[in-house]
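I opened this structure to practise reading a fold. My notes are kept in the order of looking.

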Amino acid sequence: MKILFLGDVVGPSGCNSVISYLPQIKKKNQINFVIVNGENAADTATSAHNLTAIGKAALTAVTTGSDNIGIGYTAGQVLTTGTYNILIGRDAGQSLTTGGNNHLIGAYTETSAAGSTQQLVLGYN
């Protein structure tokens, strides 16, 4: 079994490089399993901290919002200054820009407004 470990993937350019080149590398070298360290993949923040982003373009617009979790393809992609949000699922929180303390779990889950606070949304919206 061949395992490929990629070191720190930083920011959108790092993510795009992995997305572009990884399939070719895997095929050429017959890689069976890939591990990627992506702790800085959402490294677009100017003063934000404690961000967890897993998924293409998750939490990529955060500038000052801290303590957010975005898991899934484009989860929290437009969130800029909101804090303490948990966004799990494909396109979760796509209208949320400044709200805080929201929990959105499920594909396409949304809040009622861009600056919503303290909302719990479960399921496919």
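The entries below go from strands to cores to single residues.

**Entry 1: what kind of model.** I noted before anything else that this is a predicted model.

**Entry 2: the strands at the start.** I looked up how strand E1 and strand E2 pair. E1 covers residues 3-6 and E2 covers residues 33-36, and the two run in the parallel sense, joined over four bridges. I then picked phenylalanine 5 and searched for its bridge partner in E2, which is isoleucine 35. Next I followed the chain between the strands. Helix H1, residues 11-29, completes a β-α-β unit with E1 and E2, and this unit is right-handed.

**Entry 3: the nonpolar cores.** Which residues make up the largest nonpolar core? I listed 12 residues: Ala48, Ala53, Ala58, Leu59, Val62, Ala75, Leu79, Leu87, Ala92, Leu96, Leu104 and Val121. There is also a second, separate core of five residues, and among them are Leu4, Val9, Leu22 and Ile31. I went back to one member of the largest core, alanine 48. With neighbours within four places in sequence set aside, alanine 48 is in contact with Val62, Thr63, Thr64, Gly65 and Ser66.

**Entry 4: the salt bridge.** How many salt bridges does the structure hold? I found one. Its partners are the side chains of arginine 90 and aspartate 91, with 3.5 Å from N to O. I then checked the accessibility of each partner. Arginine 90 has 41% relative accessibility, so I wrote it down as partly exposed. Aspartate 91 has a relative accessible area of 14%, and buried means under 20%, so aspartate 91 counts as buried.

**Entry 5: positive phi.** I looked for residues other than glycine with a positive phi and noted two cases, tyrosine 84 and aspartate 91. For tyrosine 84, phi is about 55°. Tyrosine 84 sits in the loop between strand E4 (69-71) and strand E5 (86-88). Is tyrosine 84 buried or partly exposed? Its relative accessible area is 46%, so I entered it as partly exposed.

For aspartate 91, phi is near 60°. This residue lies in the loop between E5 and strand E6 (103-105). Aspartate 91 had already come up in my notes as a partner of arginine 90 in the salt bridge, and as a buried residue.

Note on methods
Residues are numbered from 1 along each chain as its sequence is written. This is a predicted model: local features need pLDDT of at least 70, side-chain atom pairs count only at pLDDT 80 or more; totals for chains, interfaces and linings use all residues. Side-chain values use heavy atoms; hydrogens and water are left out. Two strands pair if DSSP finds at least two bridges between them. A crossover is right-handed if, with the strands pointing away from the viewer, the path from the first strand over the helix to the second runs clockwise. A salt bridge is a side-chain nitrogen of Lys or Arg within 4 Å of a carboxyl oxygen of Asp or Glu. Buried means under 20% relative accessible area, exposed over 50%, partly exposed in between (1.4 Å probe, protein chains only). A nonpolar core is a set of buried Ala, Val, Leu, Ile, Met, Phe, Trp, Tyr and Cys residues joined through side-chain atoms within 4.5 Å. Contact means heavy atoms within 4.5 Å.
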